[in-house]
Amino acid sequence: MAELFKNHIDGKWLSAKAGQTFENRNPAKRDDLIGLFPASSAQDVDAAVRAAKQAFSTWRLVPAPKRGELLYRVGELLRKYKEDIARGMTREMGKILKETRGDVQEGIDTAFYVAGEGRRLFGETTPAELPNKFAMSVRAPIGVCALVTPWNFPMAIPTWKMFPALVCGNAVIFKPAEDVPHTGTILVEILLEAGLPDEVIQLVHGRGEQVGAAMVEHPAIPLISFTGSTETGRIVGETCGRLHKRLSLEMGGKNAQIVMDDADLDLALEGALWGAFGTTGQRCTATSRLIIQKKVHDKFLGMLEGRAKALKLGDGRKKGTDVGPLINEDAVRKVETYVDIGQSEGAKLVTGGARPAKMSGGNFFEPTIFTNVKAGSRLEQEEIFGPVLSVLRVKDADEAFAVNNDVKYGLSSSIYTRDVNTAFRALNELDNGITYVNAPTIGAEAHLPFGGVKQTGNGHREGGWEVYEFYSETKVGYADFSGTLQRAQIDTYLGTPD
Ligand code: NAD
């Protein structure tokens, strides 16, 4: 009998009002059913919003340092349960244990970082333009925040949103992606175990088109934080524009690693393998394009091909596995489609390109490399979100930078070079939210802003110091202690005639 999981609404663990459920299966072993989760509807969202609104009225008054202290306890609990969470996460979404441990660690780092910010939610003071008057700004929470998250970082990404939202004094409604409801449930259980008042966090499981859309449409939710594909982000953005909601979008990527003629090729090789095939290529920051300068192109490709072929596919919980499965059958079909597109566009398939033999029980796909990829082709431009690397040959840094920049996305980029001038030119000229020098396109630190430009984002950042701007409003306070009516914005300069 499959385990039955619940929503967390109004302090209670509840089934969906309509009683419907959906399955959550292990992508490495599809006959392994993790459990049944509530397929919720707008009715469930509505109940969650009512409870969250109520909770907000008291949570907002808890001093921010106290709200922060709670996150220290959350960090300790995440640390205590790290191994179990990581194993459960690998079973649920497939990436190898080393990576799921890293995903939980990001949550731990975020908890400790944000906890301290409870004592640093600074406002500003400034001299007032009138005598005997005090002027200041403070941070005020916004209300009920809806968090809609993807499946590829089931712990890290929700914590990037949830912890700053909570420390700023907001109540939260959390909808994890339908492929990772189990890890989402564990995160909420941990917040409750740490002592978060029950109603401050609501968990509503279900499909994006139902639950996610109902949250985005709900008139009593003023803030939406969304991470997912650019296509879904567009739908969310249109609705939020119509309803005047505060919105943070973190979306797709088509990230490139540049390898210059003077690069340390061994180092660049490790970066390319990790960037392209880590998380089976399913990271928003995954390296999906490799731009190689002409002199080292053939040599570097030779090095890469052998290593990519040797990567071991399998269950991420097994020792020795390098690459786990894709998240679901749709994702495998999407990768197959792009393999066909690449071939029809004249790119050369040099390794991979198929489902591996004798692994049909899971959603596996071979690490795949295309060479002779043309700048501007669909293979080079579109996000595939799988283990497919497109290789382009360029003559110099100018061409490399132009190819990097000529896509609609702008999340991450990387350059391998020993020339300090080229490295700083790259930092200056690559049109991305993040640029790495002599490191792969993937990886982020909790206390630095994370996000992208162009169609990757809408100008906000996760993590880092900027995120508190998003989860709080600026409230200005004036105190006039002159004892007289002083009129601001009236010309009061000495010498002005009456
Ligand atoms: P997705 O867009 O399919 O889903 C993301 C979330 O949105 C899920 O919770 C889903 O249920 C929900 N959703 C779907 N339709 C919705 C709707 N109409 N209204 C509201 N919510 C809806 O993305 P995914 O497949 O879960 O994740 C992969 C994508 O996420 C990739 O494009 C990847 O690049 C991107 N991503 C971006 C970042 C970043 O920080 N930029 C990080 C991770 C993933």
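This note reviews the ligand site and the nonpolar cores of the structure, which is a predicted model.

1. Ligand surroundings. There are 28 residues around the ligand, and those that come nearest are T149, E178, T232, M251 and E383. By class, the shell divides into 13 nonpolar residues, 10 polar residues and five charged residues.

2. Polar contacts to the ligand. Backbone atoms take part at two positions: a polar backbone atom of T149 is 2.7 Å from an oxygen atom of the ligand, and a polar backbone atom of G228 is 3.3 Å from a ligand oxygen atom. S229 contributes through its side chain, with a polar atom 2.8 Å from an oxygen atom of the ligand. The ligand taken alone exposes 850 Å², of which the protein buries 89%.

3. Elements of the shell. Two or more residues of the shell come from each of α6 (208-217), β10 (223-227) and α7 (230-243). Of these, α6 gives the most, with four residues.

4. Nonpolar cores. The largest nonpolar core has 79 residues, and V74, M162, F163, F174, I201 and Y471 have the most contacts inside it. Helix α2 (residues 64-93) supplies the largest share of this core, 10 residues. A second, separate core has 26 residues, including A28, V259, F364 and Y416. In soluble globular proteins, nonpolar side chains tend to be buried together.

5. F174 and its contacts. Beyond its neighbours within four places in sequence, F174 is in contact with residues including L147, P158, M162, L187, I201 and V204. T149 is also among the contacts of F174, and T149 is one of the residues that come nearest to the ligand.

Methods. Residues are numbered from 1 along each chain as its sequence is written. This is a predicted model: local features need pLDDT of at least 70, side-chain atom pairs count only at pLDDT 80 or more; totals for chains, interfaces and linings use all residues. Side-chain values use heavy atoms; hydrogens and water are left out. A residue is near a molecule or strand if one of its heavy atoms lies within 4 Å of it. A polar contact is a pair of N or O atoms within 3.5 Å; within protein, one must be able to donate a hydrogen and the other to accept it, and residues adjacent in sequence count only if both atoms are side-chain atoms. Accessible areas come from the Shrake-Rupley method with a 1.4 Å probe; for residues, only the protein chains shown count as cover. Ala, Val, Leu, Ile, Met, Phe, Trp, Tyr, Cys and Pro count as nonpolar, Asp, Glu, Lys and Arg as charged, and the others, Gly among them, as polar. A nonpolar core is a set of buried Ala, Val, Leu, Ile, Met, Phe, Trp, Tyr and Cys residues joined through side-chain atoms within 4.5 Å. Buried means under 20% relative accessible area, exposed over 50%, partly exposed in between (1.4 Å probe, protein chains only). Contact means heavy atoms within 4.5 Å.
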